[in-house]
Every structure is written in structure tokens, then in C-alpha cells.
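Take a look at the model below. We will start with one helix, then widen the view to the sheets around it.

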Amino acid sequence: MKTLQIIPSRNLAPKLTENAIFNCLSGVRQVGFASLLSGKRKDWSFCVKTRSLGENGGGFMSGRRKSSQDKDQDERDSSVSGFHLIPHSAISDEKILETLHNEVDEGDELSDYIESSDTASTRTTYNVIFATAEAAPYSKTGGLGDVCGSLPIALAKRGHRVMVVSPRYMTGGLSDKKFVNAVELETRAKIFCSGGVQEVGFFHEYRAGVDWVFVDHPSYQRSGTPYGDTYGAFGDNQFRFTLLCHAACEAPLVLPLGGFTYGEKCLFIANDWHAGLVPVLLPAKYRPHGVYKDARSIIVIHNLAHQGVEPAITYRNFGLPAGWYKALEWVFPTWARTHALDPGEAVNVLKAAIVTADRIVTVSEGYSWEITTPEGGNGLQELLISRKSVLTGITNGIDLDEWDPSTDEHIAAPYSVEDLSGKVKCKMALQKELGLPVRPDCPLIGFIGRLDYQKGVDILLSAIPDLMLDDVQCIMLGSGEKQYEDWMRHLESVYKDKYRGWVGFNVPISHKITAG
């Protein structure tokens with residue numbers, strides 16, 4: 001006798017037999033699932049006979065009267081299986097066994113059928129809301145934009161309903177064309193923050209199975225990057241991203257995308273401090289009024305160094321109840337204060353997100369450990385250690401379709417692991433485009449990333465003069481701190497035949513540098 005464990009929450013009947021209604025058991029309820037669930041958790045066993053389909057289509061519990069010869073044949077064709085029932089405490093009156101029209105070959109193991117039925121089993125899906133300051137291809141300065149531009153699409157392919165909420169940056173340049181397919185929605189939202197009521201609009205584009213929602217407000221309409229310009233970070237970033245967080249919480253409730261709203265039962269994925277107010281708003285602003293009671297939140301830490309720290313007096317700008325100040329309260333250590341009389345009091349948005357979020361995720365397993373150390377914790381290591389039970393590291397991936405060199409439309413020639421002949425053509429095309437001597441035999445070093453000390457840019461740039469003594473070429477692409485941008489411009493003027501520094505970000509060039 002073969003024994004099989006049945007868990008009611010999983011479909012086991014597919015591939016057993018055609019129309020296996022199990023009439024002999026008088027239905028699933030009479031088998032005992034409902035009665036088993038009402039009592040203590042115990043194990044029961046019973047046996048049923050199953051027979052594989054014949055050419056005449058006859059199946060289990062055929063309705064015609066059987067002759068003695070038929071019964072003898074059935075004894076030879078049928079097998080006895082022992083079913084070991086394990087009742088599920090969370091399910092009582094659900095349909096446990098569902099059947100499909102599948103033929104079972106005699107002699108096959110029943111466990112094989114169960115494993116192969118995974119594709120037919122019901123998968124739990126969620127309403128997922130990404131709140132992010134950037135999402136490729138609409139806005140991007142680094143890895144955050146890449147992740148929030150590709151991960152939502154991957155989740156949508158798995159059956160989840162996904163919305164991405166990000167600002168609609170209007171810089172007055174060519175980048176504005178990236179929003180050309182986004183349609184303005186009639187719905188607008190009024191948000192109370194910074195001592196007044198702010199009205200925001202929404203633009204929507206449905207692409208790759210994802211609802212891309214862009215928040216429209218005058219504070220997002222200026223030249224520069226999402227965070228600053230040549231003079232440094234924008235002074236009103238706290239206000240701009242407070243609007244984003246409020247809008248991200250309102251969007252699932254008020255936007256009838258595809259004919260109906262996402263509703264209250266959502267999973268919010270807040271990325272970095274820019275969206276860090278979302279996990280705070282759910283319990284502080286909405287749940288006291290019975291809204292978002294079943295919603296959950298995840299804070300994804302891409303870069304712990306940026307925490308959204310501002311003077312304590314700016315707490316009133318968040319539009320939060322006074323009782324939630326402690327969640328954002330931050331006190332600088334003595335050595336970090338500006339002067340002897342400075343109390344060091346501030347508000348820290350990322351700290352509040354870490355305190356209130358249901359889960360904390362970082363961009364790799366290594367980084368999840370690093371931020372719990374004094375060297376990498378940026379002052380939050382003790383808090384993160386206290387929440388270690390909900391701290392997880394998930395390594396960032398890439399969009400395999402976008403970065404496949406065999407089909408990449410941005411590069412000069414395709415190549416693959418099996419055929420690398422196109423790679424040298426990509427290198428020569430890149431050298432020609434950037435005005436470097438076209439030398440396929442010369443080593444070419446490429447850098448793509450944010451110009452920040454965390455990336456080790458200062459080390460790389462200081463090493464360039466020594467590096468240029470060798471027969472090599474170097475190309476750097478990125479934007480960030482002004483000192484590093486100016487440094488790149490200076491190096492290009494000195495090493496005209498060996499070095500190129502592209503200040504800013506350009507998607508086609510990033511693909512060409514990677515390929516070349």
C-alpha cells in the first residue's frame with residue numbers, strides 16, 4: 001500500500017482520473033474534512049480504489065453495472081492507495097479535491113503526479129504598491145531606478161497586481177519625453193502637510209502588466225536630477241518626498257485603474273528614505289479611521305547613508321499626529337553636533353520606517369549584515385540589530401531581456417557566450433563615438449555608477465594619473481557630488497586620448513560601455 005499525505009489547501013486530484021467525484025465517499029464533507037477540522041488535530045487513514053482510464057473512456061466509479069468478468073478485470077487494473085489525512089486548521093468548508101481530465105499511465109507513482117501538478121495549483125496573489133523616487137526608464141540615477149523599473153514587471157508576470165508610484169519629473173529637457181505615454185487622470189488628491197493643503201495630480205501608463213502612476217506637482221518641475229542640481233541637493237526635498245508618500249497611500253484608494261481601485265488590502269514596498277514615510281502613515285494616519293487595517297509594509301534599504309534627516313522643528317511638515325514624534329525622533333551624538341549648545345535633535349525618516357515597517361529588506365545578504373555593524377550602520381546599527389528578526393537580504397537581479405547582449409538594440413554588434421566575435425566591434429564603436437583612438441588591442445576600463453564616496457569614486461579618480469601611465473583607456477559615466485563631476489571633467493581635459501568622463505546618465509551609453 002502506497003501512502004500519501006493530503007493537505008486540503010493543495011490540489012491533489014489532477015491526474016488521478018477523469019471525473020473522480022469520489023461518489024463512494026458521499027462527497028468531501030462526508031469523508032470527514034469538516035468534522036475533522038472541528039475537533040483536535042489527529043491523523044486518519046482510509047483506502048480508495050482508483051483505475052486508470054481505458055480506451056472507452058470509462059473511469060473511476062463508472063455508472064454501468066459490472067459483470068463478474070469486468071470485476072475481475074478491475075481487480076487487475078486497479079490499485080489500492082492509502083490516504084493519510086492531515087486536517088488544516090485554517091480551512092473548513094472549502095472544496096478540497098478538484099479534478100482535471102488527465103490520463104494516468106498504469107504503474108506510475110502517484111507522487112510524480114502531485115509534483116507535476118504545481119503549475120495547476122492556485123498561487124496567492126497580492127496588490128503590490130511600489131513607492132519610489134525613481135523608476136527606469138522614466139527616471140534613474142543608479143541602482144534604485146533599475147530595481148524599481150524591473151522588479152514590478154517580474155512580479156506582475158507572476159500574477160500580482162502591481163502599481164508603481166513615482167514623481168513626474170519635468171526638467172524641460174529631452175527626458176520629459178519619457179512620460180509622453182502617461183495619461184492625466186481626472187482624480188486629484190488633497191494632502192495636508194507643511195502647514196497647508198497641497199493638491200497633487202496623477203498620470204497613468206499601463207505598460208508590461210504594471211500600472212505606472214506618476215505624481216504631478218510643481219515641486220517636481222525643475223531642471224536637474226530627482227534630488228538636486230549643480231548647486232547641490234534641493235532644499236525642499238523633505239517636502240517633495242513627503243508629498244510622494246502621501247500620494248502613494250492615496251493612490252490605491254482613489255484611482256480606478258482598469259475600472260476599479262486597488263483597495264485597502266495592499267502590500268506597500270517603500271524604497272529608501274524618500275518613501276520611508278509610507279510605513280508610518282499607515283498606522284498613524286489611516287488605521288485610526290479603520291482604513292488599511294489589513295495592509296502591510298516593507299522598507300527596502302538600497303543606501304543606508306541617506307536617511308532623510310532634518311531639524312526636529314520640521315516634524316510638523318509631515319502631516320502626522322503629534323503623538324508620532326518619537327517614531328521619527330533622532331538625536332545626534334555629541335561629536336556630530338555643530339556647536340556646544342546644539343541639542344542635536346532632529347527627525348529621521350528612514351529610522352521611522354525601520355521602526356514601523358513589517359519587514360526590512362536590503363539589496364543583498366551581505367549588506368543586511370553590513371548595516372548592523374558600526375562601520376556600515378551609519379548610526380542605525382543598534383536599531384537594526386533589535387529588528388534583526390524581520391531583516392532580510394535579497395540580492396538585486398537584472399532584467400535579462402534588457403541586458404542580453406545577443407538582442408541588445410543599443411550596442412553595435414550582438415554577441416553571446418557561444419560567439420564573442422561581436423564584442424570587439426562594440427569596443428571599437430564605443431571608442432569612435434567618444435572620440436578615443438580606435439584601438440581594439442588596447443585595454444578599456446569602464447565605470448558606471450553614482451559619483452559618491454560610498455562607491456569608492458575618490459579612490460578611483462585619485463588613481464587615474466598613475467593608471468594613465470600605462471597603455472590603457474578609461475571611460476566613466478555617472479552623476480553625483482559636484483566635486484567628483486568637476487574632477488572627471490578635469491581628467492578628460494588632461495588625458496584627451498585616454499580618458500572620457502560623461503557627467504550625467506545615459507541609458508544607451510551605459511549599455512555600450514558594458515558591451516565594450
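Start at helix H7, where the buried residues are Val278, Pro279, Val280, Leu281, Leu282, Pro283, Ala284 and Tyr286. Buried means under 20% relative accessible area, exposed means over 50%, and partly exposed lies in between (1.4 Å probe, protein chains only). Helices here are DSSP runs of H or I with at least four residues, strands are runs of E with at least two, and both are numbered from the N terminus. In H7, 8 of the 9 residues are buried, so this helix is largely enclosed by the rest of the structure. What do the buried residues of H7 pack against? They pack against strands E4, E11 and E12, and against helices H6 (237–254), H8 (325–328) and H9 (349–356). A contact means heavy atoms within 4.5 Å.

A word on the source. This is a predicted model, in which local features need pLDDT of at least 70 and side-chain atom pairs count only at pLDDT 80 or more, while totals for chains, interfaces and linings use all residues. Residues are numbered from 1 along each chain as its sequence is written, and side-chain values use heavy atoms, leaving out hydrogens and water.

Now step back to the whole chain. The protein chain has 15 helices and 20 strands. It holds 516 residues, and 46% of them count as buried. Take the contacts between residues at least 6 apart in sequence: 71% of them join residues at least 24 apart.

Next comes the sheet that H7 touches. In this open sheet, 9 strands follow the order E6-E7-E8-E5-E4-E11-E12-E16-E17, with mixed pairing. Two strands pair if DSSP finds at least two bridges between them. Strands of a sheet pair through backbone hydrogen bonds, either parallel or antiparallel. Strand E6 (183–193) and strand E17 (391–393) are at the edges with a single partner strand each, so one side of each has no neighbour in the sheet. On average, neighbouring strands are turned by 25° against each other, direction ignored.

Look inside this sheet. Strand E5 (residues 161–167) pairs with strand E8 (residues 210–216) in the parallel sense, over 6 bridges. Proline 167 has valine 215 in E8 as its bridge partner. Helix H7 (residues 278–286) packs on the sheet and touches E4, E11 and strand E12 (296–301), its direction making about 135° with that of E11. Such angles run from 0 to 180 degrees between N-to-C directions, with axes fitted to C-alpha atoms, for helices over the stretch in contact. Helix H5 (residues 143–157) lies across E4, E5, E7, E8 and E11, running at about 140° to E8.

There is another open sheet to find. Its 3 strands stand in the order E18-E19-E20, and the pairing is parallel. Strand E18 (444–448) and strand E20 (499–503) are the edge strands, each pairing on one side only. The twist averages 5° from one strand to the next. Strand E19 (residues 473–478) is joined to E20 by 5 bridges, and glycine 478 stands opposite valine 503 in E20.

Helix H13 (residues 457–467) packs on this sheet, touching E18, E19 and E20. Which residues of H13 are buried? They are Val457, Leu461 and Ile464. These cover an arc of only 40° around the axis (taken from the directions from the helix axis to the C-beta atoms), which puts them on the same side of H13. Their cover includes E18, E19, E20 and helix H14 (482–494). The face of H13 turned away from the buried side carries the exposed residues Ile459 and Asp466.
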